Amino acid sequence: VQLQAFGGGLVQAGGSLRLSCAASGRTFSSYAMGWFRQAPGKERDFIAGISRGGGYTYYADSVKGRFTITRDNTKSTVYLQMNSLSAEDTAVYYCAASRGTYYIDDSYGYWGQGTLVTVSS
């Protein structure tokens, strides 16, 4: 599967942004999907995951209650709605696909290019 993320940009603190990740191929629904992010000088963190059918989700504590992951299998696209953004959310955001379990970060083996989100304070 090939993944392409887009939707990043500059947003003010307290604002919202929605990221999208489009997948190629006809087997999108066979993959769990996730979002990761990497802030400058830090390791990449797993922040959200969604099951194949979209019925189950996982969130890291750092984004729980502010971010929402959804997917549209008819469009082969996964989304990340980000609300109440702060400077700490500034990072390159990556979408990823997994043949395994949606809440296990090590299961993700397919990656898209990153999209930069910058939150100004």
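Over the face of which residue does Arg-44 lie at 6.0 Å from the ring centre? Arg-44 lies in that way over Tyr-94.

The model is predicted, and local features need pLDDT of at least 70, side-chain atom pairs count only at pLDDT 80 or more, and totals for chains, interfaces and linings use all residues. Residues are numbered from 1 along each chain as its sequence is written, and side-chain values use heavy atoms, with hydrogens and water left out.

**View A. Arg-44 over aromatic rings.** Besides Tyr-94, Arg-44 lies over the face of Trp-111, at 3.7 Å from the ring centre; a charge sits over a ring if NZ of Lys or CZ of Arg is within 6 Å of the ring centre and within 35 degrees of the ring normal.

**View B. An aromatic cluster that includes Trp-111.** Trp-111 forms one aromatic cluster with Phe-36, Phe-46, Tyr-58 and Tyr-108. The structure holds 8 aromatic pairs (rings of Phe, Tyr and Trp, the last by its six-membered ring, pair if their centres lie within 6.5 Å).

**View C. Strand β11 and its partners.** Strand β11 covers residues 115-120 (strands are DSSP runs of E, at least two residues, numbered from the N terminus). Thr-115, Val-117 and Val-119 point to one face and are buried (under 20% relative accessible area, 1.4 Å probe, protein chains only), whereas Leu-116, Thr-118 and Ser-120 point to the other and are not. Strand β2 (residues 9-12) runs parallel to β11 and is joined to it by 4 bridges, while β9 (residues 91-98) runs antiparallel to β11, with 3 bridges; two strands pair if DSSP finds at least two bridges between them. Val-117 is the bridge partner of Gly-9 and also of Ala-91.

Conventions
Phe/Tyr/Trp six-rings, centres within 6.5 Å; stacked < 30°, edge-to-face > 60°. Buried < 20%, exposed > 50% of the residue type's maximum accessible area, 1.4 Å probe, protein only.
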